[in-house]
Amino acid sequence: MSHKPPQIPFSSGTVSKQTHVDLPNGTFEEEYGRQGFFGRTTHLYRKNAPTGWTRIDGPLHPHAYDANAALGTATTAPKRFLGNDDVCLWIYAPQKQTPHYVRNADGDEAWFIHAGSGFLETDFGPLKYRKGDYLVVPRGTTYRFFPDAGAPQFYLLIESFSEFELPDRGSLGRHAFLDPACIDVPQAAASGAPATDGKEWKLKIKRQNEYTDVYYPFNPLNVVGWRGDAFAYRFNVEDIRPIISPRFHLPPSVHTTLMAKNFVLCTFAPRPMETGDPKAQRVPFFHSNIEFDEVIFYHDGDFFSRSGITPGMFTFHPQGIHHGPHPKAFANQFSKEFAQEYAVMIDTTRPLKAFDTAVSCEMVDYKNSWKEYAKP
Ligand SMILES: [Fe+2]
């Protein structure tokens, strides 16, 4: 006998016929949903925006961080920013190559190159990278970054304590959103290891957030060939073809780029808005994400639904308190035809903690940025 609660929709009072379309006059639609955008859901039509609070007392509130202001602390090693037992976000702004190799024994890594370029030397061979690249480096890979000189570097590391997977896109087929043909893999150097110059090589291994140095009399990146299906890889946000509907605001889950246990990573890429029906909502709906903490890292473009947010900033909306479009975006949504934005979103089922680096660059007024809605 199943214990699954019944998914039987009921309706009461003034509602729209369809979700996100033709809202009753003067109402704000809130999606109250379980399990992200896939579980039982009720749409509530409210007279006031749920983010129209006058003030908040207590630790639970939306956060924003200007990571540009904290980059100076992350030039020699990545700095932890937000995390839980499933995923940890780090920022890194290397100014030159590290003299040693590194290996993460705690987790798999997805690096997002927010600014800068260079090449990543790995066990599997080198990967050239540039702005907008994701570099996926499986747990246990030995590597080091060679950032290009003269350009500012700003990388976001999404460290996952379970393996990253590319999502199955079901009826959309194998080539929608991100065609696997756009994924680059490193090529092993046919000549074998780079010259060792008789020096001692250091490898720094992270295990349970402690570091151990291992020394070799030869360059440990000495692979002359590899064969298999576990390897580092690269793709760029420009290769992403967003899934859209001209007549319906799709949930953010359609932008899922990588998945792992208890979190998803999504990429918002430039896309036309819902211009095919004047009654279709064009901005994200209000919701409280009751079972997900939501982090967005803003990469490039104009972030229409969030006033005052520019590239290199994070927003962090924890479970239990609402978020939704800023008042200006909500009011102007029907004049907007294109979302020219790149952003990376990490949605986690378990609550995230802000580490000192994040706290040091928090934009404390962000929680008051919906104030225009605070009308009785
Ligand atoms: Fe959201």
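Let me start with F330, which touches F28, Q281, V283, F286, P325 and Y373 once residues up to four places away in sequence are left out, where a contact means heavy atoms within 4.5 Å. F330 is found in helix α1, residues 327–332, and helices here are DSSP runs of H or I with at least four residues, while strands are runs of E with at least two, both numbered from the N terminus. Although F330 and F28 are 302 residues apart in sequence, their C-alpha atoms are 9.8 Å apart in space. F330 counts as buried because its relative accessible area is 19%, and buried means under 20%, exposed over 50% and partly exposed in between, with a 1.4 Å probe and protein chains only.

Before I go on, please keep in mind that this is a predicted model, in which local features need pLDDT of at least 70 and side-chain atom pairs count only at pLDDT 80 or more, whereas totals for chains, interfaces and linings use all residues. Residues are numbered from 1 along each chain as its sequence is written, and side-chain values use heavy atoms, with hydrogens and water left out.

Now to the metal: which residues are the protein donors of the iron ion? They are H287 through NE2, E294 through OE and H323 through NE2, lying 2.0 to 2.2 Å from the ion, and donors are N, O and S atoms within 2.8 Å of the metal, or 3.2 Å for Na, K and Ca; because water is not among the atoms, sites may look incomplete. In sequence, these donor residues follow the spacing H-x6-E-x28-H. H287 is buried, at 7% relative accessibility, and E294 is buried as well, at 4%.

Let me turn to the cysteines, where a disulfide is a pair of cysteine sulfur atoms within 2.5 Å, and by this rule the count comes to 0. C88 is in no disulfide, and the nearest cysteine sulfur, that of C361, is 14 Å away. C88 is buried, at 4% relative accessibility, and C361 is buried with a relative accessible area of 5%.

Finally, the empty space: the structure holds 3 cavities of 30 Å³ or more, a cavity being a set of points on a 1 Å grid over the protein atoms alone where a 1.4 Å probe fits but cannot get out, with lining residues having an atom within 4 Å of a point. The largest cavity is lined by 35 residues, and H249, F268, R271, P284 and E341 lie nearest its centre. Strands β18 (271–272), β20 (293–301) and β23 (341–348) each supply at least two residues of that lining.

Terms used
On a 1 Å grid over the protein atoms alone, a cavity is a set of points where a 1.4 Å probe fits but cannot get out, and a pocket is an open set with protein on both sides within 12 Å along at least five of seven lines; lining residues have an atom within 4 Å of a point. Grid points are joined across faces, edges and corners, and a volume is the space filled by probe spheres set on the points.
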